[in-house]
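I set out to keep a short notebook on this structure. The entries record what I looked up, in order.

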Amino acid sequence: MNQYVLSCCSTADLTAEHFKQRDLSYICFHYELNGKEYFDDLGKTMNFHDFYQAMRDGADTRTSQINVEEFEQYFEPFLQEGKDILHVCLSSGITGVMNSAVLARDSLQERYPDRKIYILDSLAASSGCGLLMDRLADLRDEGRSIDEVYQWAIEHRLNVHHWFFSSDLTFFIKGGRISKTAGFVGGVLNICPLLNVDCQGKLIPRYKIRTKKKVIQAIVDKMEEFAENGLDYSGKCYISQSDCYPDARQVADLVEARFPKLNGKVVINSIGTTIGSHTGPGTVALFFWGKTRTD
């Protein structure tokens with residue numbers, strides 16, 4: 001039995017089966033759809049297609065982070081079992097949820113002074129955080145201590161690369177990531193923006209690429225440019241997508257063809273309802289291990 005718990009937020013966008021298989025715990029964010037609150041519970045309460053279709057139909061979505069009390073209630077049973085905790089948060093460049101987790105830790109540390117509670121800023125999002133968690137599970141299963149795993153995560157979290165594109169600019173405009181004028185022009189010209197997550201864990205628009213066919217090629221080119229060992233990359237690759245599986249499958253097929261030493265097939269997940277509330281449908285994200293992110 002493990003003497004410590006590896007935990008993260010539901011925004012790591014792995015499947016419930018994947019979490020269970022790797023013995024990873026998670027706590028759920030919240031979102032609202034047309035004023036009704038739901039848990040971001042990996043599609044259990046509302047399946048992803050229905051969620052994204054509601055967005056296409058004009059539903060209003062909002063998200064709210066996990067509060068201090070919820071973190072305390074989530075962490076305490078582990079501590080009562082005598083287990084230490086390493087919890088990995090959604091990037092501080094996207095949300096302030098880490099502040100709540102830290103406050104909960106500080107409160108619980110007074111009641112459980114003999115337990116270790118580490119809170120880590122992943123500087124990652126969606127299945128990028130999921131890819132990091134999967135590696136941490138490997139280290140735990142190799143027998144590494146919680147201190148060793150925590151230190152490794154700090155040293156290597158910026159080696160997880162995130163590249164995104166969207167074929168629907170509606171929600172990027174709504175969220176202020178793209179101006180209305182740029183969005184209108186982009187729609188007319190059939191532009192699909194290519195974005196990534198920078199070294200501060202923020203989502204940054206990088207390129208304006210015309211047509212989905214070209215942006216699918218471009219996102220795989222970025223993997224070739226930044227992946228560990230280039231075309232000899234032998235790590236895992238994850239993709240997450242918001243109700244546009246055929247686009248994600250095209251990216252996965254290109255990756256599997258271009259990187260013959262890949263560790264298994266590309267894993268395709270769904271972008272969950274928290275991150276999806278901001279990206280909307282039509283977004284594909286590619287995650288892999290590579291050179292340290294520096295900008």
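The entries below concern one helix and two backbone angles in this predicted model.

**Entry 1: the extent of helix 10.** I looked up helix 10, which covers residues 245-258 and has 14 residues. From its first C-alpha to its last, helix 10 reaches 20 Å, close to the 20 Å expected at 1.5 Å a residue.

**Entry 2: the buried side of helix 10.** I asked which residues of helix 10 are buried. They are Asp247, Ala248, Val251, Ala252 and Val255. Seen down the axis of helix 10, the buried residues fall within an arc of 135°, and therefore they line one face of the helix. The face turned away from this buried side carries Pro246 and Ala257, which are exposed.

**Entry 3: the packing partners.** I then asked what the buried residues of helix 10 pack against. I found one helix entry, helix 9 (212-226), together with strand 8 (160-166), strand 11 (238-241), strand 12 (267-270) and strand 13 (283-289).

**Entry 4: the phi angles.** I noted beforehand that most residues other than glycine have a negative phi. Phi of Ser126 is nevertheless positive, near 50°. Asn229 also has a positive phi, near 70°.

**Entry 5: the setting of each residue.** Where are Ser126 and Asn229 placed? Ser126 belongs to helix 5 (residues 126-141), whereas Asn229 lies in the loop between helix 9 and strand 11. I also asked whether each is buried or exposed. Ser126 is buried, because its relative accessible area is 0%, under the 20% limit. Asn229 is exposed, because its relative accessible area is 58%, over the 50% limit.

Terms used. Residues are numbered from 1 along each chain as its sequence is written. This is a predicted model: local features need pLDDT of at least 70, side-chain atom pairs count only at pLDDT 80 or more; totals for chains, interfaces and linings use all residues. Side-chain values use heavy atoms; hydrogens and water are left out. Helices (H or I, at least four residues) and strands (E, at least two) are DSSP runs, numbered from the N terminus. The expected span of a helix is 1.5 Å times one less than its number of residues. Buried means under 20% relative accessible area, exposed over 50%, partly exposed in between (1.4 Å probe, protein chains only). The arc is that of the directions from the helix axis to the C-beta atoms. Contact means heavy atoms within 4.5 Å.
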